Amino acid sequence: MDITFDFLDLNLGDPVVSAKFAGVYASFFEGIRGHGCRVMLSPSQPSEEADVLVLPMDPSAESRFEQIVARSRVPVILYVPPACNWFNRRRLERWCEKVLFAYGLDTSALTYESYASVGIDYHYLPFASDPNVMRPLGLSPVYDVVFVGSLTHKSGRHRYIEALLPAVE
């Protein structure tokens, strides 16, 4: 296949970010390489060698990313947060001709419908999806109910946790 993907601004050079995400990305990149593609990591500006630019959408850097997309001579894949946290219709409508698709960790109907409304396909791509890296440890169960997540990651999540608490108290 021989396509080069340039992942921009993943910040894996930061020890804190690397400690959290390097293993997950290593597995992700290995899957891409397993299909005959190359992976590049550009810290701030896209490489001229890339065939596809993968851009993580950071709401605090929208204008910078808009300039990058506008200058890009190659198609773009967007790694996006849930639509309830970020969805800029005006910008996405301007970018849609260059965007191959968007992907993220959210499976809500709102996210799928939002991207479809501007002509961009959205794909759910979960972290921890490599069975060679993330697998059951074979430990016996300790809890009847387990909720994995954080109250600060997505707005409104506290409602679900609070509803579970009476069942386990």
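## Asp-106 and the loop after β5

In this predicted model, Asp-106 is buried, with a relative accessible area of 7%. Because the limit for a buried residue is under 20% relative accessible area, the value of 7% places Asp-106 in that class. The residue is found in the loop between β5 and α4, the latter spanning residues 109-117.

The side chain of Asp-106 has a polar partner: a contact of 2.6 Å joins it to the side chain of Ser-108.

## The sheet

Six strands form an open sheet, in the order β2-β1-β3-β4-β5-β6, and their pairing is parallel. The edges are taken by β2 (38-42) and β6 (122-124), each of which pairs on one side only. From one strand to the next, the twist averages 25°.

At the β6 edge, strand β5 (residues 99-104) is joined to β6 by three bridges, and the two strands run parallel. Tyr-103 has His-123 of β6 as its bridge partner.

At the other edge, strand β2 contains Met-40. This residue is buried, with a relative accessible area of 15%. Leaving out residues up to four places away in sequence, Met-40 touches Thr-4, Phe-5, Asp-6, Phe-7, Ser-47 and Glu-49. Met-40 and Val-54 are 14 residues apart in sequence, and their C-alpha atoms lie 9.8 Å apart in space.

## The loop between β1 and α1

Asp-9 is placed in the loop between β1 (4-8) and α1 (15-33). Its phi is positive, at about 60°, although Asp-9 is not a glycine. With 21% relative accessibility, Asp-9 counts as partly exposed, since the buried class requires a value under 20%.

Asn-11 lies in the loop between β1 and α1. Phi of Asn-11 is also a positive value, near 60°, in a residue other than glycine. Asn-11 counts as partly exposed, at 46% relative accessibility; the exposed class begins over 50%.

## Nonpolar cores

The largest nonpolar core has 21 residues, and the members that touch the most others are Leu-78, Val-80, Leu-92, Trp-95, Tyr-115 and Ile-120. At least two residues of this core come from each of β3 (52-56), α2 (62-71), β4 (76-79), α3 (89-95) and β5. Helix α2 supplies the largest share, three residues.

Ile-120 illustrates the contacts within this region of the chain. Apart from its neighbours within four places in sequence, Ile-120 is in contact with Leu-92, Cys-96, Val-99, Phe-101, Ala-102 and Tyr-115. A second core, separate from the largest one, consists of 13 residues, including Phe-7, Ile-32, Val-52 and Tyr-79.

## Aromatic pairs

The distance of the centres and the angle of the planes describe a pair of aromatic rings. The count of aromatic pairs in this model comes to 10. In the pair of Phe-28 and Tyr-103, the ring centres are 6.2 Å apart and the planes stand at 40°, so the pair is tilted. Distant parts of the chain are linked by this pair: Phe-28 belongs to helix α1 and Tyr-103 to strand β5, 75 residues apart. Phe-28 is partly exposed, with a relative accessible area of 24%, whereas Tyr-103 is buried, with 7%.

Tyr-112 and Tyr-122 form an edge-to-face pair, with 5.0 Å from centre to centre and 85° between the planes. The planes of an edge-to-face pair must be over 60 degrees apart. This pair also links distant parts of the chain, as Tyr-112 is in helix α4 and Tyr-122 in strand β6, 10 residues apart. Tyr-112 counts as partly exposed at 33% relative accessibility, while Tyr-122 is buried, with a relative accessible area of 6%.

Ring pairs also build a cluster, linking Phe-7, Tyr-25, Phe-28, Phe-29, Tyr-79 and Tyr-103. Among these residues, Phe-7 and Tyr-79 are included in the second nonpolar core, and Tyr-103 is the bridge partner of His-123 in β6.

Definitions and conventions. Residues are numbered from 1 along each chain as its sequence is written. This is a predicted model: local features need pLDDT of at least 70, side-chain atom pairs count only at pLDDT 80 or more; totals for chains, interfaces and linings use all residues. Side-chain values use heavy atoms; hydrogens and water are left out. Two strands pair if DSSP finds at least two bridges between them. Helices (H or I, at least four residues) and strands (E, at least two) are DSSP runs, numbered from the N terminus. Axes are lines fitted to C-alpha atoms, for helices over the stretch in contact, and angles run from 0 to 180 degrees between N-to-C directions. Buried means under 20% relative accessible area, exposed over 50%, partly exposed in between (1.4 Å probe, protein chains only). A polar contact is a pair of N or O atoms within 3.5 Å; within protein, one must be able to donate a hydrogen and the other to accept it, and residues adjacent in sequence count only if both atoms are side-chain atoms. A nonpolar core is a set of buried Ala, Val, Leu, Ile, Met, Phe, Trp, Tyr and Cys residues joined through side-chain atoms within 4.5 Å. Contact means heavy atoms within 4.5 Å. Rings of Phe, Tyr and Trp (its six-membered ring) pair if their centres lie within 6.5 Å; planes under 30 degrees apart count as stacked, over 60 as edge-to-face and the rest as tilted.
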